[in-house]
Amino acid sequence: ALYCAKEETGHGKMRQFDDEMARRMSQRRARLDALEQAILNENLEVWLQPKIVLSTGAHVGFEALVRWRHDGDLIMPMEFISLAEESGLIIEIDRFMLRAATRAVAEWNARHGKDVSVSINLSGRHISSPDLEAHVASAIEMSGLRADQVTLELTESVEVRDWGAVSKKLDRLRALGCRLSLDDFGTGYSSLGYLRQMPADELKLDKSFVTDLETSAAAREIVASVVDIARTLDLGVVVEGIENLAQARIAEDLGCTVAQGYLFGRPAPAARCAPPGIPSDQLLELSPSHRPALQRQT
Ligand code: C2E
Ligand code: MG
Ligand code: MG
């Protein structure tokens with residue numbers, strides 16, 4: 001009732017506990033129990049989505065995305081990540097993904113004769129966990145990947161209270177040899193102050209900027225400015241959510257180097273991931289500067 005009062009009516013108001021709240025609470029409890037069981041039984045799956053160098057079309061890596069297999073259905077992160085973050089279960093999910101995604105990409109590389117890297121999402125909650133470095137180091141070692149083939153993507157969804165402690169922790173993670181990426185950059189509380197204090201290797205521009213690239217001069221200006229700042233700070237820029245060739249071309253013209261999105265491949269289970277390629281009919285629509293490079297991928 002307290003939380004409902006705060007959420008719905010603001011401060012200084014009151015709400016009485018009612019049947020609807022009781023129903024929502026028990027639904028949440030049941031969902032949480034089911035998620036806890038899924039983690040224990042490892043009913044989580046690693047899905048992989050390719051990352052591509054825009055100027056050459058070369059496939060350089062995968063982002064690992066978690067899926068929950070529940071009674072035969074596939075549950076998407078949107079439906080359980082926030083519950084996992086609130087409850088702390090996200091730490092167990094992220095640990096599973098660290099182990100399973102590094103292994104999946106090492107196996108994929110062996111199967112396809114490639115040497116691509118993997119990006120794994122880490123919740124902000126995880127950063128304060130004392131044994132994070134040990135888990136990252138052991139996942140890398142067990143998988144056989146090189147440390148520099150592992151990128152940790154940090155989201156801004158959880159507010160950082162102690163910047164000093166966080167940046168020391170991130171320095172220690174980088175000392176292991178892995179790379180750090182600031183995910184969904186441009187949303188949440190991202191600011192220049194945040195950039196200044198985070199030791200990172202790459203910015204991952206949120207897909208909301210990409211959606212507007214073709215229609216909004218302001219979106220293009222923002223992307224160009226972020227790319228400028230990233231260059232000054234010696235950070236790579238990855239752009240996510242590229243769905244068509246026009247967006248890919250604009251993003252490259254604006255200086256983004258690596259891209260991810262449905263155009264290059266949707267997330268899929270590791271066993272079903274083929275090396276990505278651009279369908280040849282789409283190549284015709286592409287600007288001449290892209291054509292020779294991307295053709296090699298087909
Ligand atoms: P994210 O890390 O920003 O991942 C990118 C999301 O965009 C993925 O959604 C992906 O499927 C989707 N996406 C990729 N290309 C396109 C595109 O071209 N168009 C559109 N509309 N969407 C695209 P997904 O898999 O549903 O994951 C959502 C979010 O859940 C992730 O956003 C990430 O923040 C979180 N998440 C996923 N897996 C994990 C995990 O293992 N641990 C943690 N802590 N968070 C995770
Ligand atoms: Mg991510
Ligand atoms: Mg993102």
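The magnesium ion (ligand 3) in this predicted model is held by Asp-183 (OD), Asp-184 (OD) and Glu-240, which appears twice as a donor through OE, at 2.0 to 2.6 Å. Donors here are N, O and S atoms within 2.8 Å of the metal (3.2 Å for Na, K and Ca), and since water is not among the atoms, sites may look incomplete. Along the chain, the donor residues of ligand 3 follow the spacing D-D-x55-E. Asp-183 is buried, at 4% relative accessibility, whereas Asp-184 is partly exposed at 21%. Buried means under 20% relative accessible area, exposed over 50%, and partly exposed in between (1.4 Å probe, protein chains only).

Asp-183 also does a second job: it bridges ligand 3 and the other magnesium ion (ligand 2), and the two ions lie 4.1 Å apart. Ligand 2 is coordinated by Glu-63 (OE), Asn-121 (OD1), Glu-153 (OE) and Asp-183 (OD), at 2.0 to 2.2 Å. Glu-63 sits in strand E2 (residues 59-70) and Asn-121 in strand E4 (residues 117-122), so this pair ties together parts that are 58 residues apart in sequence. Strands (E, at least two residues) and helices (H or I, at least four) are DSSP runs, numbered from the N terminus. The whole donor set of ligand 2 reads E-x57-N-x31-E-x29-D. Glu-63 is buried, with 4% relative accessibility, while Asn-121 is partly exposed at 22%.

Then there is ligand 1, with 25 residues around it; the closest are Arg-67, Asp-94, Asp-183, Glu-243 and Tyr-262. To count as near, a residue needs a heavy atom within 4 Å. A nitrogen atom of ligand 1 lies 2.5 Å from an N or O atom in the side chain of Glu-243. Oxygen atoms of ligand 1 come into play too, with a polar side-chain atom of Arg-67 at 2.8 Å and one of Glu-240 at 3.3 Å. Taken alone, ligand 1 exposes 800 Å², and the protein buries 85% of that (Shrake-Rupley method, 1.4 Å probe).

As for confidence, the mean pLDDT (the predictor's confidence in each residue, from 0 to 100) of the chain is 87, and 89% of its residues reach 70 or more. Residues 290-298 stay under 50.

Residues are numbered from 1 along each chain as its sequence is written, with chains lettered from A and ligands numbered from 1 in the order in which they are written. Local features need pLDDT of at least 70 and side-chain atom pairs count only at pLDDT 80 or more, while totals for chains, interfaces and linings use all residues; side-chain values use heavy atoms, leaving out hydrogens and water.

Terms used:
Contact = heavy atoms within 4.5 Å. Polar contact = N/O pair within 3.5 Å; in protein donor to acceptor, adjacent residues only side chain to side chain.
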